There are 2 protein chains.
Amino acid sequence: MKIPYRTYLTEEEIPKQWYNIRADMPEQPAPLLNPGTLKPLTAEDLYPVFCEELANQEMDATTRYIDIPEEVLEYYKTFRPSPLIRAYNLEKALDTPARIYFKFEGNNTSGSHKLNAAAAMAYYAKAQGLTSLTTETGAGQWGTALAMACAYFGLDLTVYMVKVSYEQKPFRKAVIETYGGKIIPSPSDTTEVGRAILKEDPNTGGSLGCAISEAIELSLKDDKCRYALGSVMNQVLLHQSVIGLESKAAMEKLGEYPDIVIGCAGGGSNLGGLMAPFMQDKLTGKANPRIIAVEPASCPSLTRGKYAYDFCDTGKVTPLAKMYTLGSEFIPSANHAGGLRYHGMSPALSKLYHDGYMEATSVEQTKVFESAVLFSKLEQILPAPESAHAIHSAVEEALKCKESGEAKTILFGLTGTGYFDMHAYMQYNDGTMTDYIPTDEDLQRGFDKLPKVE
Amino acid sequence: MKIPYRTYLTEEEIPKQWYNIRADMPEQPAPLLNPGTLKPLTAEDLYPVFCEELANQEMDATTRYIDIPEEVLEYYKTFRPSPLIRAYNLEKALDTPARIYFKFEGNNTSGSHKLNAAAAMAYYAKAQGLTSLTTETGAGQWGTALAMACAYFGLDLTVYMVKVSYEQKPFRKAVIETYGGKIIPSPSDTTEVGRAILKEDPNTGGSLGCAISEAIELSLKDDKCRYALGSVMNQVLLHQSVIGLESKAAMEKLGEYPDIVIGCAGGGSNLGGLMAPFMQDKLTGKANPRIIAVEPASCPSLTRGKYAYDFCDTGKVTPLAKMYTLGSEFIPSANHAGGLRYHGMSPALSKLYHDGYMEATSVEQTKVFESAVLFSKLEQILPAPESAHAIHSAVEEALKCKESGEAKTILFGLTGTGYFDMHAYMQYNDGTMTDYIPTDEDLQRGFDKLPKVE
């Protein structure tokens, strides 16, 4: 059989259930803690911030498969299934015996995989009788995704957008507004947290951690409003598992199974979803693929962070999560072009990494864009800077195969397109893009401010 | 059978041949004329400007099906087949008995159907041993498409970009540059034609017609360079027939056939391709679908133009073509946001319209954007302003069905996405978008300057 460039499942083959990785983890991630009492949180504790159903999913470590609501499945059909693509042209150019596949989640107007989780969050909010959601967005994909899902399910939305992105991406902002979302650059003077941060540094470009604090503060003020988070949380990994489940089903049709699974990692939403069923195979002894997280050298939480309890936000209004972190006050250099600017990492993913089930690597952004441009020309898709981290790592692994002569099967996540990241490509094209790698001293300053737990 | 949201043909089902509508036309479009001698041109006359194979295709009115070269078919697989989508959400919101389908050509990095023709042009140029191509671009889709195809086939590219687009769309420019294309805002001082136009009006926003003149002038100066045109020409309609052939094959699988086929029309590339096999059925008496061209009220060549010989460009360096035209010096109001800014219309399409095989209608841009935003929210795809003309007409036809109770099948072309047109959406969102409809006197000024041919 000649394997096609693009393999699509049928609509009927879209997974009917999400997969909950925690059900197969030999050891659970450490529980979320109340920062005041340091006691583990219950689902009920989260109800003021998250929809009840989502809070329940957040705490559910035992249900292996959770039904995708019919309404969410219908919505998924407006942009799923996404294609599994064989990167024939890349393979040929690299002259590698490796077979390279990528799961392309960017063929929707949000431009990324974020719509998978946004769908669930908007649906559950509507089902609970809420009228609005609020969230943060960095590079803009998550804000766009949630705006699209809110427009579809009929909810209002307020987005706190990291100021540096707000200024670099007027058109990303325009998409969110076209879908009816209201955007506030963060830090802003609309919240106590924002005002405090602005007072300390009026010129800050903002961070995801800070925008999260502001959105949560807003949600707590309005009983018909809840907060939605696009990464890090267990619920997000759950909803994003549709990526991996589809990938695995499509590969099975082709008689393939990945030796290596590669995903970019900021908060973990994409990699957590892509790897889900492959990690399951690993945890249950059915297979042993390598799973690689790729992060930016400018924000290296897995590769250089501490595995410790920390706040999920800069304003320290969230619960404490045990995760790989650079410290909640760490703000990546403004010269970093893409997303993946988050100080922490999904606690579940952190735990799996800590226990040796995953690898992690980091890359400088100029190298990432080199691979992005190569890929653009060969595979004719201009990738998001975030996704290009995974491309870069896939290229490296394919070149290793060339050296060793091994015909490995590589699967990576092409999480999105770079159409709203052209300012970054412009920097790369005109040679003004630079790299930033924090020194050990830079990182130590972040570690020194980690909360003391035990 | 429940018809899915998205129907994809398999890669093996991508058409292996393009369809040449002229082979089935009872009367041929009038021949291209040498503007000096007013004698019909031969293919050889076009060789200095176009690749030989493309010049031959341009003049070939009899070969019904032309094989798609193997290399072009391979390239097509990087972005085709494109989906045929059932607009279930739009149908429901309009409460119409009509079944609405759209062929979505925007899921590639060029953002539109233009890649279908760019593929052929870059391939034939490479096969002829040329080293570069040159072209014009308005809204930017064509320039991006040709840059992508040139990067894939290994050719240099110079793009004359209509100045108003160049200024409004820095990010579109960045995509073209990422693919290695060189961009010059038009009119420019790099050509005699450009210098003449600038002298007359230094502040002009430019036009497609002017950018065409400049690109042709450049191609004539370099024997290893040829010109490529993204619309209007017979060769473009030929290459774009893949849209219609795929649409028809997909609809056949669903047991459907359109009662109405709708496409936006600037130069005719999309509508000419989408309608091709349906127009064939009409010309050969097999079926009788309505075929509707939708153009902007600000540039109404079919609905208010003259059917006459005219230059294809502002600089009057091209052959004369008999077509619906507003006069080659007509430059649409700069307040018009989208593409479709061309003064003329494909001669083949013009002839079919003149002979009563097609209908045409025009729409003001604020109405177009109203439909675009409605569609964005319901179908979760943010359309290009050009494509939104077709959406608007499809909505109107679906509402007529609601009134009459007829369950008609409507097919429209969603030629592309609006991700690089957000400045226009911003105008619409903040209420500053205005409409412009030329007066009869405005149009008369263009008609007065039509060349005198018999």
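# Cis prolines, helix pairs and a sheet

Q: Between which two elements of chain B is the loop that holds Pro81(B)?
A: The peptide bond from Arg80(B) to Pro81(B) is cis, with omega near -10°. Helices (H or I, at least four residues) and strands (E, at least two) are DSSP runs numbered from the N terminus. The loop with Pro81(B) runs between helix 3 (70-76) and strand 4 (84-86) of chain B.

Q: What pLDDT do local features need in this predicted model?
A: Residues are numbered from 1 along each chain as its sequence is written, and chains are lettered from A and ligands numbered from 1 in the order in which they are written. Side-chain values use heavy atoms, leaving out hydrogens and water; in this predicted model, totals for chains, interfaces and linings use all residues, side-chain atom pairs count only at pLDDT 80 or more, and local features need pLDDT of at least 70.

Q: Which residue is joined to Ser186(A) by a cis peptide bond?
A: Most peptide bonds are trans. The exception here has omega of about 5° and starts from Ser186(A). The residue that follows lies in the loop between strand 8 (182-186) and helix 9 (192-200) of chain A; it is Pro187(A).

Q: What is phi of Leu38(A)?
A: Leu38(A) is in the loop between strand 2 (17-19) and helix 1 (43-46) of chain A. Most residues other than glycine have a negative phi. Leu38(A) has a positive value, near 60°.

Q: How are helix 6 and helix 8 of chain B oriented to each other?
A: Helix 6 (residues 141-153) and helix 8 (residues 170-178) of chain B pack with their axes 8 Å apart, at an angle of about 15°. Axes are lines fitted to C-alpha atoms, for helices over the stretch in contact, and angles run from 0 to 180 degrees between N-to-C directions. Angles under 35 degrees count as roughly parallel, and helix 6 and helix 8 of chain B are therefore roughly parallel.

Q: Which residues of helix 8 of chain A make the contact with helix 6 of chain A?
A: The crossing of these two helices of chain A is left-handed (the near helix turned anticlockwise from the far one by less than a right angle). Helix 6 of chain A contributes Gln141(A), Gly143(A), Thr144(A) and Ala147(A) to the contact (heavy atoms within 4.5 Å). From helix 8 of chain A come Arg172(A), Val175(A) and Ile176(A).

Q: In what order do the 4 strands of the open sheet of chain B stand?
A: Pairing in this sheet is parallel, where two strands pair if DSSP finds at least two bridges between them. Strand 8 (182-186) and strand 9 (225-227) of chain B each have a single partner strand, so they stand at the edges. Strand 6 (residues 132-137) of chain B pairs with strand 9 of chain B over 3 bridges. The order is 8-7-6-9.

Q: At what angle to strand 6 of chain B does helix 10 of chain B run?
A: Helix 6 of chain B packs on the sheet and touches strand 6 and strand 7 (156-162) of chain B. Helix 10 (residues 208-221) lies across strand 6, strand 7, strand 8 and strand 9 of chain B. Its angle to strand 6 of chain B is about 165°.

Q: Which residue of chain A has the C-alpha nearest the axis?
A: A rotation of 180° with 0.0 Å of shift along its axis superposes chain A on chain B, with RMSD 0.0 Å (least squares on the C-alpha atoms of residues with pLDDT of at least 70 in both). That is the relation of a two-fold axis. At 3.1 Å from the axis, the nearest C-alpha in chain A is that of Asn107(A).

How values were computed: Parallel < 35°, antiparallel > 145°, perpendicular 65-115°, else oblique.
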